Amino acid sequence: MVRVRFAPSPTGYLHIGSARTFIFNWLYARKTGGTMILRLDDTDVERNTDASVQSIYDGLNWLGLNWDEFYRQSDRLDLHQKSAWAIYEKGMAYRDFTPAHQGDEERGHEGGPWLFNADARAMSQEESDRRAAAGEPFVLRFKVPRNAGHKVKFADQVYGLQEKEADDIEDFALLRSNGMPTYHLASCADDADLRITNIVRGQDHLSNTFKHVLIFEALGDAMPQFAHLPLLVAPDGAKLSKRKHGPVVSVTTYRDAGFLPHSYVNFLCLLGWSPKDNREQMSREELVAAFSFEGVNRSNATVNFSDADPIDPKALWLNSQHLRTCPVAELAEPVRAALTAAGLGVPYDEAWFLATIDLIRARYTTLHDFPAKGRAYFADDFEMTPEALVKLDAPQARELCRELGARLEAETEFTEASVEASLRKLCEERGVKAGVLINGSRAALSGQAVGPSAFHLFVAVGRERAIVRLKSA
RNA sequence: GGCGCCAUCGUCUAACGGUUAGGACAGAGCCCUCUCAAGGCUUAAAUAGGGGUUCGAUUCCCCUUGGCGCUACCA
């Protein structure tokens, strides 16, 4: 039985890289009929915020991603302590009374990396016990095997066999001097306790995994399978960060930009993963069916954005594809929300609403286009675009519009066919190309120079409104 | 500095060691057309460099370069 988890630390809003990690876990769980677990890794009390927890919920919620079990590490400190001391009891950890290392920021170590404090590691049991009993603070460190040639290895489902000399691994901390578990310990203890079968996470943890393997072994628990995901980076190659790259890294940005949740999920899936058959637009079911770790790429994926164009054009394209092809009914709710947010009244005639969405959606790329470019369908106060004015100002266009309005008013029938007949007849009588009036009336009715076929537009706008708009052209 | 990972068009990516290195987005152009979009067609655009192995390397190995990650009680 597959059990996977997404374990964010709530120290900021939901990052798109985190969202993608959730998605890949989720796809694997759904594909295998396994269990998806959300676990808040909130052991860093100083940096955790409720706002961040909320943003994680909001983001996942918006994306339509759900989970089956939920935990917070802060509720499980007991387990972490027990696990750490169990490792200590097995002689695989030791107390280190050395004060916390200060003045870091110098990453360069002349003669190789720091591995451990020799005195602490060699300290006698008696002295260690005595100083602990005296209340002296200490960190509990893992005693990494130092016998020459000892190798730590694991098989990654994406990166293949990984191997590292134990001598290159420092004696990392298990418990901080305040008694709180470190990320490494808490994460492994929880993964073991929750019987996680597959750990799917960002590649930034690939080298940490050697430590985790050591912890799992020390705990005597079954080793989960690991699958690391390539990172999402900015066009300059740097890891995405709010400070450097701003709102492009936050999931809510795409929600606010008028994305359909699923199309954004679809986009994220294509970053670092491929179904290998050239498919790009895929439904959720198709993604679940196609997902595999073999399809995951190993190199970092660049999110393509710039100051001028803060949203990846491919994401926009995918959104327009989904917008134009999904069942119209699925659009009713999001479009309604977009209209409301823009202060427009929500249409009461559901059939008309759906038909209108269906008519205009093919030309739109985000939900924002409905209240913006599509304003004239839902409101009577709308602006003319400069391009629309050009069409209206074509020779005779306004006059023809007014005349057409008058003629339509005199007719009882109002269908695409009847409107077209009247319009063409009028143009023929005046010896004008039909295109002039077709384009002119599109402008008069919708304020836009571009849009759906004009005769569909007449029907969508409706007889009364169409006549008023034509006559006031 | 040490260790680890990675390297195909601008971007996302495909290619059992044998292909004119394919697709998509973005760009340019044409067609279609009541406009725009869609659609169709065309065009430009890549295997980081150097050595091997092989009859044959995008593909396997090594080196270089570059990028990213981790690196003493952040996750």
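In the predicted model, 49% of the 473 residues of chain A count as buried. The accessible surface of chain A amounts to about 22000 Å², and carbon and sulfur atoms contribute 52% of that area. Among the contacts in chain A with a separation of 6 or more, 74% are made by residues that stand 24 or more positions apart. The secondary structure of chain A comprises 21 helices and twelve strands.

The overall dimensions of the chain were examined next. The C-alpha trace of chain A extends over about 110 × 40 × 40 Å along its principal axes. The radius of gyration of chain A is 31 Å, whereas a value near 23 Å would be expected for a compact globule of 473 residues. Chain A is divided into three parts: domain 1 is formed by residues 3-67 together with 230-321, domain 2 covers residues 75-187, and domain 3 covers residues 339-471. Between the C-alpha centres of domain 2 and domain 3 there is a distance of 72 Å.

One of the sheets was considered in detail. Three strands form an open sheet in the order E4-E5-E8, and their pairing is antiparallel. Strand E4 (93-96) and strand E8 (173-175) each have a single partner strand and stand at the edges, so one side of each is left without a neighbour in the sheet. On average, and with direction ignored, neighbouring strands of this sheet are turned by 40 degrees against each other. In general, the strands of a sheet pair through backbone hydrogen bonds, in either a parallel or an antiparallel manner. Four bridges join E4 to strand E5 (residues 139-142) in the antiparallel sense. Within this part of the sheet, Ala93 is positioned opposite Phe142 in E5.

A single loop position, Ser241, was also characterised. Ser241 is located in the loop that connects strand E11 (232-233) with helix H8 (242-245). The relative accessibility of Ser241 is 25%, and this residue therefore counts as partly exposed, given that the partly exposed class lies between the limits of 20% and 50%. When neighbours within four places in sequence are left aside, Ser241 is in contact with Gly246 and Val249. Ser241 and Arg255 are separated by 14 residues in sequence, and their C-alpha atoms lie 19 Å apart in space.

Terms used. Residues are numbered from 1 along each chain as its sequence is written. Chains are lettered from A and ligands numbered from 1 in the order in which they are written. This is a predicted model: local features need pLDDT of at least 70, side-chain atom pairs count only at pLDDT 80 or more; totals for chains, interfaces and linings use all residues. Side-chain values use heavy atoms; hydrogens and water are left out. Domain bounds come from an automatic or database domain assignment. Two strands pair if DSSP finds at least two bridges between them. Helices (H or I, at least four residues) and strands (E, at least two) are DSSP runs, numbered from the N terminus. Axes are lines fitted to C-alpha atoms, for helices over the stretch in contact, and angles run from 0 to 180 degrees between N-to-C directions. The radius of gyration is taken over C-alpha atoms; the globule rule is 2.2 Å times the number of residues to the power 0.38. Buried means under 20% relative accessible area, exposed over 50%, partly exposed in between (1.4 Å probe, protein chains only). Contact means heavy atoms within 4.5 Å. Accessible areas come from the Shrake-Rupley method with a 1.4 Å probe; for residues, only the protein chains shown count as cover.
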